[in-house]
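These are my notebook entries on a structure that I went through with a short list of things to look up. I began with enclosed space, and then turned to strand pairing and backbone angles.

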Amino acid sequence: MKVIKIDKKTWAGGINSLRSGYRLIGPVVKGDAHDFAELASDEAPDMAFGNTRLSPKSVIFPQSEPMFTYSLDESDPEHHILKDSTKDYSPRAVIGMRPCDAKAISLVRMNFDTPDYRDPYWMDAYDATTFVGLACDNPCTTCFCTSAGCGPYHEEGLDVLLSDCGDAYEAKALTEKGEKLLAAAGWDAEGDVSIFEPKKADAEAKITCTVETGNLRGKNSLDLYDAPFWKELSFACINCGTCTYTCPTCWCFDIQDENKGKEGVRMRNWDSCMTSLFTMHGSGHNPRTEKHQRFRQRFMHKLKYFVDKYDKGLMCVGCGRCVQQCPANIDIRTICNKMNGYEAAS
Amino acid sequence: MKNLMEHMGVEPGRLQFSWISSAESTKFVDVVTKVTESVKALGPNTNYVKKSAAKV
Amino acid sequence: MESYIGKIKEISERLLNDGTVECVVGFRKGTVALTNEPCMITKASDVKDLVWDSNCRLNLANYLTGRKEKIAVIAKGCDSRNIVNHIIENKISREQLVIIGVPCKGMVDKNNPESLQSNCATCTHRNPVIYDELCGELVEEQTDVDKYEDVRAVEAMETQEKWAFFEELLSGCTRCYACKNACPLCYCPTCFVDESQPQWIGKGTDPIDVRTYHFLRAYHCAGRCTDCGACEAACPQNIKVRQFTKKLEKDCNELYGWEAGLTVDQRPPLDSFKLDDPDKFIM
Ligand code: SF4
Ligand code: SF4
Ligand code: SF4
Ligand code: SF4
Ligand code: SF4
């Protein structure tokens, strides 16, 4: 593992060198917040951000993604045949993603890349991407990553981890992909690995808000499912898509056909278990008609089913986005603690 | 409906309403002619059309 | 406004204790700054959790839809107008409700706590229009405010400019639907955006589909919107969605002299026919 020092004077030049080999995606100001977007040819990533409003999951998993196209024109010999949509899986790099978002991508991968199935769209995009992280030296007040199996210097899912050291970045190459990117940018000055440990400790100490998760694994799913608190906790929830769309670890999608004249496209769009349509069966039956059932699904999935199924901790990296953005102030930290502390009456 | 459509940038004249009784055949012809003419004058709609199902 | 809370607690406790209501719908303290959480209190001993301050943005009428029990609800001016709408539209009956009125001085902007939320700054119905209990002196209504400055600015634009204005306005929309779900007016069992047979609009992020959603959402609120601002306050992308509804609110005001939710004794204009209804739009 190599550590490279990137003098900030060489930053813009290096980024420019990367453009010939990579499509670059980075944080930019959009309206009144930062979000990840493909950088224009003269645009630099704006590294001075707290956290982006939406996570960069859309780089791999776009909110609306065409899968197939088809023709309904019966005079076309190939009508009603699904054809792969054209895709661009040329190399791309995300610059400046937060460690929590990177860990989230590795959690989501467990869903899209299993021994039985490999989701081609997600995986091809994933394979094409180099993830360059930016460690968090000034975490937000709603971050609770350190107790959600992550942290401001967490390396999982990243190819490079940058730490901002004033007039330079120290860049830790974590994978071959990462080394390749650093070389392509022309950054090669030897760095100082020793800065990482103390800076990590400092940053972690700044995260004061935590969740308790130790008992979740040992709980009985049905006890939690039947716990008496769901209705009360979900009262304020308006069942919108805010929390699931903003969440870096939510992976659900819905497949829809859209026609225009005789042309059609089959696409997948983000979906959210908070909506009633999510579980609507073709028969018209809906197993989750009530708000508290949908609400329960979100938290049970993240904090119990996932935990049990993969034994890799929570399906939440503690980024705090859902806490900040929920219009009704539903707070996963409160719910997690409640679930963790719940004792079913025997 | 008309007001809000025009408010958000659909050209005035593209959306029109009329009330014609089944006995008013001449009014029907007049209105259809007028609507066709005014819409032709506006040309093809470019704003409020979905470019293609397969964009993105 | 904080001083109301003592009275709110006192009334709530009394109503719960003497069995007048089964629950109280109000706000409890939020876990992040500048936010409170709507809540339902069923035990007199929990009344202590209730709070009232200028971060009670959501419209509590939204939490009454279709409920069957006897409820006490805390209502600021706009909430009370949406409660009136709910009564007119049979979403709740007057008999089920004890309305605890709160004369309102405005909610603060969630992104800029130094100033009032924009709809509150120009609100002309701060006092509840319908109530059974009151938790403070009625406040003086604002009269010299210009509610529609922003609408007129758009009206004055050229067609293409208008198109571009809304294109920009909606550019960050993720179709999370927080705006419609926060609105007490949106209670259809299946929203048109979710229908798939027929599919009224595409479900993705195509800007035309996004715009159609907003345009039709607003249209479904015509003559009903109270400009309570819950939709805008709920939007995680800070999109000024009231730019759509306000145009209709203004038109209703100008064409029919109508402001929604002021009285349970009159049918709304788009729900009734009068010989002298304006018909400028008919050629
Ligand atoms: S928890 Fe909050 S963000 Fe999520 S659906 Fe409910 S109201 Fe919307
Ligand atoms: S559940 Fe909330 S805090 Fe956890 S990863 Fe998702 S958005 Fe972040
Ligand atoms: S929480 Fe809901 S939307 Fe998110 S991944 Fe789980 S089921 Fe899907
Ligand atoms: S549309 Fe917005 S302002 Fe109007 S009633 Fe609904 S939430 Fe309130
Ligand atoms: S709340 Fe905001 S982002 Fe969500 S659908 Fe409404 S305007 Fe779009």
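Entry 1, cavities. I counted the enclosed spaces first, and the count comes to ten cavities of 30 Å³ or more; I keep in mind throughout that this is a predicted model. The largest cavity holds about 160 Å³ of space. I then looked up what surrounds the largest cavity and found that 18 residues line it, of which Cys78(C), Asn119(C), Cys120(C), Cys123(C) and His125(C) are the closest to its centre.

Which elements each supply at least two residues of that lining? I noted α2 and α3 (118-121) of chain C, and of the elements it is α2(C) that gives the most, with three residues. As to character, I sorted the lining of the largest cavity into six nonpolar, seven polar and five charged residues. I also checked the domains, and the lining of the largest cavity takes at least three residues from domain 1 (4-134) and at least three from domain 2 (149-271) of chain C.

Entry 2, the sheet in chain A. I traced an open sheet of eight strands with mixed pairing, and wrote down its order as β3-β2-β6-β7-β8-β9-β1-β10 (chain A). Which strands stand at the edges? They are β3 (33-38) and β10 (189-190) of chain A, and because each has a single partner strand, one side of each is left without a neighbour in the sheet.

Within the sheet I followed one pair in detail: strand β6 (residues 92-97) of chain A and strand β7 (residues 129-134) of chain A run parallel and are joined by five bridges. For the register of this pair I recorded that Ala93(A) stands opposite Thr130(A) in β7(A).

Entry 3, positive phi. I looked next at two asparagines, the first being Asn239(A), which is not a glycine and yet has a positive phi of about 55 degrees. I placed Asn239(A) in the loop between α7 (230-234) and α8 (242-246) of chain A. Is Asn239(A) buried or exposed? Its relative accessibility is 9%, so I entered Asn239(A) as buried, the cut-off being under 20%.

The second is Asn90(C), where phi is near 60 degrees, again a positive value in a residue other than glycine. Asn90(C) lies in the loop between α2 (77-88) and β5 (97-101) of chain C. Here the relative accessibility is 65%, and therefore Asn90(C) counts as exposed, for which the cut-off is over 50%. I closed the entry with the two side by side: Asn239(A) is buried, whereas Asn90(C) is exposed.

Terms used:
Residues numbered from 1 in each chain as written. Chains lettered and ligands numbered in written order. Predicted model: local features only at pLDDT ≥ 70, side-chain atom pairs only at ≥ 80, totals over all residues. Heavy atoms only, no water. Helix = DSSP H or I, 4+ residues; strand = E, 2+ residues; numbered from the N terminus. Buried < 20%, exposed > 50% of the residue type's maximum accessible area, 1.4 Å probe, protein only. 1 Å grid on protein atoms, 1.4 Å probe; cavity = no way out; pocket = protein on both sides within 12 Å on 5 of 7 lines; lining within 4 Å. Points joined across faces, edges and corners; volume = space filled by probe spheres on them. Nonpolar A, V, L, I, M, F, W, Y, C, P; charged D, E, K, R; others polar. Domains from an automatic or database assignment. Pairing = 2+ DSSP bridges.
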